[in-house]
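Biologist: Could you walk me through this one? I'd like to hear the reasoning behind each label, and not just the labels.

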Amino acid sequence: MNINLSRIPESGLNIDEEVTLKKDFYKKTEIEEIRNLHVSGRIHYDYEGYLNLNLDVQGIFILADALTLEPIEYSFTSKIDEKIENIEEYCGNFYEKSKNSLDISEILWENIVLEIPISITNHKSEDLLLKGNGWELVNENKEEIDPRLAKLKELLDEGKE
């Protein structure tokens with residue numbers, strides 16, 4: 001999403017559009033797809049001449065279920081409030097000085113990636129089989145005592161009384 005910086009009016013540039021990010025952005029993440037990515041907000045220069053981005057980003061991640069690996073839709077929103085003092089230094093590769101244009105896709109991605117959940121499961125997976133032949137899904141919250149140490153636990157409990 002390229003913005004021509006020389007064509008931003010004094011009142012600012014209002015943005016309200018659907019955006020598509022290249023798959024290169026998220027091919028090394030847990031995201032399988034990004035759908036309905038919508039960006040709205042305003043880009044303007046402040047009184048000091050700094051570029052301000054005030055954007056709201058909404059969309060849907062398609063992620064793999066942590067247990068079943070089935071695709072799950074996960075809605076997200078992100079608010080971007082960036083103040084860019086030195087465009088050439090801050091934006092580096094995605095600022096074209098000769099055209100005075102800025103590709104804000106990188107800035108969008110930097111903020112969107114923060115919304116990816118660490119893990120996600122579908123509520124339907126509660127009926128999932130958690131035990132099988134030679135394997136069992138271990139619950140970290142469940143306190144299970146090793147049978148070899150059960151006698152020691154009894155001695156410790158007696159000592160508390």
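Modeller: Sure. This is a predicted model, with a mean pLDDT of 80 for the protein and 82% of its residues at 70 or more.

Biologist: Where is confidence lowest, and where is it highest?

Modeller: The low point is strand β6 (residues 95-96), with a mean of 56, while β4 has the highest confidence, at 92. Where pLDDT is low, the coordinates shouldn't be read in detail.

Biologist: On to the rings. How many aromatic pairs turn up in the whole structure?

Modeller: The search finds 3. One of them is Phe-25 with Trp-109, at 6.0 Å centre to centre and 35° between the planes.

Biologist: What makes the pair of Phe-25 and Trp-109 tilted?

Modeller: Centres within 6.5 Å make a pair, and planes under 30 degrees apart would be stacked, over 60 edge-to-face. The Phe-25 and Trp-109 pair has 6.0 Å and 35°, so tilted is the label left under those cut-offs.

Biologist: And what does that pair tie together?

Modeller: Phe-25 sits in helix α1 (residues 23-26) and Trp-109 in helix α3 (residues 105-112), so parts 84 residues apart in sequence are tied together. Both Phe-25 and Trp-109 are buried.

Biologist: Why is the pair of Phe-61 and Tyr-74 called stacked?

Modeller: Their planes are 0° apart, with 6.4 Å between the centres. Stacked needs an angle under 30 degrees and a pair needs centres within 6.5 Å, so both conditions are met. The pair links Phe-61 in strand β4 (residues 51-64) to Tyr-74 in strand β5 (residues 71-84), 13 residues apart. Ring pairs also bring in Phe-76, making a cluster with Phe-61 and Tyr-74.

Biologist: Phe-61 and Tyr-74: buried or exposed?

Modeller: They get separate labels. Buried means under 20% relative accessible area, so Phe-61, at 0%, is buried. Tyr-74 comes out at 28%, so it falls between the 20% and 50% cut-offs and counts as partly exposed.

Biologist: How do you know that β4 and β5 are paired?

Modeller: Pairing takes at least two bridges, and 14 join these antiparallel strands, β4 and β5, so they qualify. Phe-61 stands opposite Tyr-74 in β5. In the hairpin, 6 residues lie between the strands, and Leu-69 takes a positive phi near 65°.

Biologist: Why is α3 described as largely enclosed?

Modeller: Because 6 of its 8 residues are buried. Trp-109 is among them, along with Ser-105, Ile-107, Leu-108, Asn-111 and Ile-112.

Biologist: What about the largest nonpolar core: how many residues does it have?

Modeller: It has 32, and those with the most contacts inside it are Ile-34, Ile-43, Leu-55, Ile-104, Leu-108 and Ile-112. At least two residues come from each of α1, β3, β4, β5 and α3. The largest share, 6 residues, is from β4. Leaving out residues up to four places away in sequence, Ile-43 touches residues including Ile-8, Leu-51, Leu-55 and Ile-104.

Biologist: Why does His-44 count as buried?

Modeller: Its relative accessibility is 13%, and the cut-off is under 20%, so buried it is. His-44 lies in strand β3 (residues 31-45). Beyond its sequence neighbours up to four places away, its contacts include Ile-8, Tyr-50 and Asn-54.

Biologist: And what makes Gly-49 partly exposed?

Modeller: At 43%, Gly-49 lies between 20% and 50%, so the label follows. Gly-49 is in the loop between β3 and β4, with its C-alpha 7.9 Å from that of Glu-85, 36 residues away along the chain.

How values were computed. Residues numbered from 1 in each chain as written. Predicted model: local features only at pLDDT ≥ 70, side-chain atom pairs only at ≥ 80, totals over all residues. Heavy atoms only, no water. Helix = DSSP H or I, 4+ residues; strand = E, 2+ residues; numbered from the N terminus. Buried < 20%, exposed > 50% of the residue type's maximum accessible area, 1.4 Å probe, protein only. Contact = heavy atoms within 4.5 Å. Core = buried A, V, L, I, M, F, W, Y, C linked by side-chain atoms within 4.5 Å. pLDDT = per-residue confidence, 0-100.
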